[in-house]
Amino acid sequence: MKCPRVVHWGPLLTVFLICFIFYWTLVSLTLVWPWETVSGKVHRVLFLTNVVFIWLNYIHAMQVGPGFAELGWTPKDAKHQQDLQYCSECKGFKPPRAHHCRSCGRCVMKMDHHCPWINCCVGHYNHASFTRFVFHAPLGCGYAFYLQCVFLYDLLFSQTVSPHAIYFYRHLPAAFCLFLSVGFALGVTISVAALLFFQLRSIQRNRTMVEDWILDKARHRCKDEELEPFVYPYDLGWKQNCMQVFLLNVYPRGDGYTWAVRDGCDQYALTREQLIQKERKRARSVLYRCTKAYSGTMLPFRQGIMQVLCCPSLFDSRLAVMKGDLIRATRRQRRWMYGEIVEQAKIRQVANGGISGRSATGKKGWFPWQCAVPFEKEE
């Protein structure tokens, strides 16, 4: 039985931060603004209302999820299969705007990114609630930061020594937790506010983070090949773009398989561009023979300290390889390479017949460059 999404370090840490900041903000409210005062009532209503919205949107974004494409999905019209990418993991075609997430193990509708804080992807069905969550989180934490700073100022610079000041002076762990809460509130406010900016920009352009990357490569390709500029098909103008996500109900427009497109474009304009980019990447790829096994660990100390210091992001997948494996590498980053394993049964076919997209196992990821050497084709 699969564990619920909350059983993961990301959601557990998020819940801890929310509860920790919430508790010490209530302590500050209680000691500085008593409930009997008008200011005390106003502060409590504003703060607690924001906390409720944080919880509602966070739980909705995590539990509803992004929406996954059906396993083994195929388009209704078979002729459109040539315009779509095939997912070997899900045994079906990827719908337009869908991408396979290795962490979720499924093809995600309108995938933006995989968020460890909700332990799932941000996609078609939870994009709006996730954006509302990252709106209320910095708002609430910024408010909590203000309330706690007022309380700290009262503790440190008040002309009279209050009973609660004496308590905090005598109980250093409580004072430490209060200072820690202030730091957490400030850190969350700044970091999540930056994330909110990127999410709002994404919605205003109707472009996910993945599509931003595809569009950037499309522009460079068209420029290099002296072609007409690539037209992004899903940009309907900022008002219509926002209405694709934010509606009066909690669910967005569409079923996640078909999308509204601008005039002169069709559903498969972006997917055809992706296929072209995939072919160009395969043409530039280099075959390597694995000479040293690598277990796929995130921090491979056995490979040397420099491999650890130069490792890719801990959120990026790793490729476990065995001695003798044939690997198709598509890019290199310092002391690491990114590639996929070619099936052993197809080694001779790849060596004699070129590189075929159907000759790979589908396992992709980063591996240390010193584990492999360039593969020489057999005579």
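**Helix packing, nonpolar cores and a buried arginine**

In this predicted model, the axes of helix H1 (residues 9–32) and helix H5 (residues 172–205) come within 9 Å of each other and cross at roughly 120°. Axes are lines fitted to C-alpha atoms, for helices over the stretch in contact, with angles running from 0 to 180 degrees between N-to-C directions. H1 is therefore oblique to H5, given that angles under 35 degrees count as roughly parallel, over 145 as roughly antiparallel, 65 to 115 as roughly perpendicular and the rest as oblique. Helices (H or I, at least four residues) and strands (E, at least two) are DSSP runs, numbered from the N terminus.

On the H1 side, Phe16, Leu17, Phe20, Ile21, Trp24 and Ser28 meet Ala174, Cys177, Leu178, Leu180, Ser181, Phe184, Ala185 and Val188 of H5, contact being heavy atoms within 4.5 Å. By class, this contact of H1 with H5 has 12 nonpolar, 2 polar and no charged residues. Ala, Val, Leu, Ile, Met, Phe, Trp, Tyr, Cys and Pro count as nonpolar, Asp, Glu, Lys and Arg as charged, and the others, Gly among them, as polar.

The axes of H1 and H2 come within 12 Å and cross at roughly 175°, which means that H1 is roughly antiparallel to H2. Residues of H1 in this contact include Pro11, Thr14 and Val15, and those of H2 include His43, Arg44 and Phe47. The contact of H1 with H2 has 14 nonpolar, 4 polar and 1 charged residues.

The largest nonpolar core (buried Ala, Val, Leu, Ile, Met, Phe, Trp, Tyr and Cys residues joined through side-chain atoms within 4.5 Å) has 32 residues. Phe47, Cys101, Ile118, Cys121, Phe130, Phe133 and Val134 have the most contacts inside this core. At least two residues each come from H1, helix H2 (38–64), strand S6 (120–122), helix H3 (127–157) and H5; H3 gives the most, with 8 residues. Apart from this core lies another, of 16 residues, among them Cys290, Trp336, Phe367 and Ala372.

Arg97 is in the loop between strand S2 (92–93) and strand S3 (99–101). Arg97 is buried because its relative accessible area is 2%, buried meaning under 20%, exposed over 50% and partly exposed in between (1.4 Å probe, protein chains only). Not counting residues up to four places away in sequence, Arg97 touches several residues, including Glu211, Tyr232, Tyr234 and Trp259.

Residues are numbered from 1 along each chain as its sequence is written, and side-chain values use heavy atoms, with hydrogens and water left out. Local features need pLDDT of at least 70 and side-chain atom pairs count only at pLDDT 80 or more, whereas totals for chains, interfaces and linings use all residues.
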